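Trainee: Could you take me slowly through one part of this structure? I would like to see how the pieces around a pocket fit together.

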Amino acid sequence: MSVVRGTKDTRTIWVSKRDWEALSDVYDIDDAEAYWSHADSVILIQRQKHSYMLQNLYHELTHAILDTMNSKLSYDEAF
């Protein structure tokens with residue numbers, strides 16, 4: 001699983017081998033391959049093929065940007 005975590009001042013990206021199922025106790029990620037949490041400023045990405053991880057990172061990063069802009073599109077999966 002890759003994680004992008006940060007605050008207003010810093011952004012950090014690291015890769016962790018934490019269990020995806022264990023994270024489902026904290027986040028609503030049961031059927032997800034990736035997840036953006038505004039409350040924690042964290043993007044969770046399930047470990048998978050590199051190209052899929054990148055695609056999921058860009059997708060969740062778009063959610064994060066839209067959410068930060070208070071856009072109603074933040075919750076739209078069709079973008």
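Mentor: Happy to; we will start with a pocket and then follow its neighbours outwards.

A word on the ground rules first. This is a predicted model, where local features need pLDDT of at least 70 and side-chain atom pairs count only at pLDDT 80 or more, while totals for chains, interfaces and linings use all residues. Residues are numbered from 1 along each chain as its sequence is written, and side-chain values use heavy atoms, with hydrogens and water left out.

Let's go to the second largest pocket. Rolling a probe the size of a water molecule over the atoms shows where empty space is left. On a 1 Å grid over the protein atoms alone, a pocket is an open set of points where a 1.4 Å probe fits, with protein on both sides within 12 Å along at least five of seven lines; lining residues have an atom within 4 Å of a point. The volume of this one is about 270 Å³, counted as the space filled by probe spheres set on the points, which are joined across faces, edges and corners. Its lining has 13 residues, and Trp 36, His 59, Glu 60, His 63 and Glu 77 lie nearest the centre. Both β3 and α2 give two or more residues to that lining, and α2 supplies the largest share, 6 residues. These names come from DSSP runs numbered from the N terminus: helices (H or I) have at least four residues and strands (E) at least two. By kind, the lining divides into 4 nonpolar, 6 polar and 3 charged residues. Here Ala, Val, Leu, Ile, Met, Phe, Trp, Tyr, Cys and Pro count as nonpolar, Asp, Glu, Lys and Arg as charged, and the others, Gly among them, as polar.

Now pick out His 63, which sits in helix α2. His 63 counts as buried because its relative accessibility is 4%; buried means under 20% relative accessible area, exposed over 50% and partly exposed in between, with a 1.4 Å probe and protein chains only. Its side chain makes a polar contact of 3.0 Å with the side chain of His 59, and it also reaches the backbone oxygen of Ser 74 at 2.4 Å. A polar contact is a pair of N or O atoms within 3.5 Å; within protein, one must be able to donate a hydrogen and the other to accept it, and residues adjacent in sequence count only if both atoms are side-chain atoms.

Trp 36, one of the residues nearest the pocket centre, also belongs to the largest nonpolar core, together with Ala 34, Ile 43, Ile 45, Met 53, Leu 57 and Ala 64, 7 residues in all. Two or more residues each come from β3 (34-37), β4 (42-45) and α2 (50-68), with α2 giving the largest share, 3 residues. Apart from this core lies another, of 6 residues, among them Trp 20, Ile 29, Val 42 and Leu 44. A nonpolar core is a set of buried Ala, Val, Leu, Ile, Met, Phe, Trp, Tyr and Cys residues joined through side-chain atoms within 4.5 Å.

Strand β4 has residues in both cores. In a regular strand the side chains alternate between the two faces of the sheet. In β4, Val 42 and Leu 44 point one way and Ile 43 and Ile 45 the other, and all are buried.

Its partner is β3: the two pair in the antiparallel sense over 4 bridges, where pairing requires that DSSP finds at least two bridges. Tyr 35 stands opposite Leu 44 in β4. The two strands form a hairpin with 4 residues between them, and Ser 41 in the turn has a positive phi of about 50°. Most residues other than glycine have a negative phi. Ser 41 is partly exposed, at 28% relative accessibility.

Finally, look at the segment after α2. Asn 70 lies there and has a positive phi of about 60° although it is not a glycine; at 70% relative accessibility, it is exposed. Ser 71 is in that segment too, but is buried at 19%, and its side chain reaches the backbone nitrogen of Leu 73 at 3.1 Å.
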